[in-house]
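Here's a quick briefing to read with the model open in your viewer. Pull up the sequence alongside and follow the topics in order.

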Amino acid sequence: MTNRSSNRTAVPEAKGALDKFKYEVANELGVPLSEGYNGDLTSRQNGSVGGYMVKKMIEQQEKQMAGK
């Protein structure tokens, strides 16, 4: 079994776009996410950003699969 961090980007070229997307989502949700240390945010705040990112990515993929 390999010891891999689950925090790695599967497509390294997408890292910048994913970071931008993360800050856009945080802004939409009113989560004060900043570059660097964010240890003062609650698990709920961080989870809401990640969860909403996944929701939006799934919606986008479904649209692409439906040909829209």
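**Pocket, core and contacts**

Start with the pocket: the lining of the largest one splits into 5 nonpolar, 8 polar and 4 charged residues. Keep in mind that this is a predicted model. From there we go to the helices, the nonpolar core, and a handful of leucines plus one lysine.

**The largest pocket**

- Its volume comes to about 420 Å³.
- Of the 17 lining residues, N7, K15, D19, K22 and M53 sit closest to the centre of the pocket.
- Two elements give two or more residues to that lining, namely helix 1 (15–29) and helix 2.
- Helix 1 is the top contributor to the lining, with 5 residues.

**Helix 2**

- Helix 2 covers residues 43–65, which makes 23 residues.
- From first C-alpha to last, helix 2 reaches 33 Å, close to the 33 Å expected at 1.5 Å a residue.
- After helix 2 comes G67, and its phi is positive, near 80 degrees.

**The nonpolar core**

- Which residues make up the largest nonpolar core? It's a set of 8: F21, V25, A26, V31, L33, L41, V49 and M53.
- Helix 1 and helix 2 are the elements that give two or more residues to this core.
- Helix 1 has the largest share of the core, at 3 residues.
- As background, nonpolar side chains in soluble globular proteins tend to be buried together.

**Core members in the loop**

- L33, one of the core residues, lies in the loop between helix 1 and helix 2.
- Leaving out residues up to four places away in sequence, L33 touches K22, Y23, A26, N38, L41 and N46.
- L33 and V49 are 16 residues apart in sequence, and their C-alphas are 9.3 Å apart in space.
- L41 is in the core too, and with the sequence neighbours up to four places away set aside, L41 touches V31, P32, L33 and N46.

**K22, between pocket and core**

- K22 is found in helix 1, and it is among the residues closest to the centre of the largest pocket.
- Is K22 buried, partly exposed or exposed? K22 counts as partly exposed because its relative accessible area is 27%, and the partly exposed class runs from 20% to 50%.
- Not counting residues up to four places away in sequence, K22 touches L33, V49 and M53, and those three contacts are listed in the core as well.
- K22 and Y37 are 15 residues apart in sequence and 15 Å apart in space, C-alpha to C-alpha.

**Two more leucines in helix 1**

- L18 is found in helix 1 and is partly exposed, with a relative accessible area of 31%.
- Residues up to four places away in sequence aside, L18 touches T9, M53 and M57.
- L18 and S43 are 25 residues apart in sequence and 20 Å apart in space, C-alpha to C-alpha.
- L29 also has its place in helix 1, and at 36% relative accessibility it counts as partly exposed.
- Why aren't L18 and L29 in the core? A core residue has to be buried, so under 20% relative accessible area, and L18 is at 31% while L29 is at 36%.
- Across the sequence, L29 touches S48, V49 and Y52, not counting residues up to four places away.
- L29 and V49 are 20 residues apart in sequence but 7.4 Å apart in space, C-alpha to C-alpha.

Technical notes. Residues numbered from 1 in each chain as written. Predicted model: local features only at pLDDT ≥ 70, side-chain atom pairs only at ≥ 80, totals over all residues. Heavy atoms only, no water. Helix = DSSP H or I, 4+ residues; strand = E, 2+ residues; numbered from the N terminus. Expected span 1.5 Å × (residues − 1). 1 Å grid on protein atoms, 1.4 Å probe; cavity = no way out; pocket = protein on both sides within 12 Å on 5 of 7 lines; lining within 4 Å. Points joined across faces, edges and corners; volume = space filled by probe spheres on them. Nonpolar A, V, L, I, M, F, W, Y, C, P; charged D, E, K, R; others polar. Core = buried A, V, L, I, M, F, W, Y, C linked by side-chain atoms within 4.5 Å. Buried < 20%, exposed > 50% of the residue type's maximum accessible area, 1.4 Å probe, protein only. Contact = heavy atoms within 4.5 Å.
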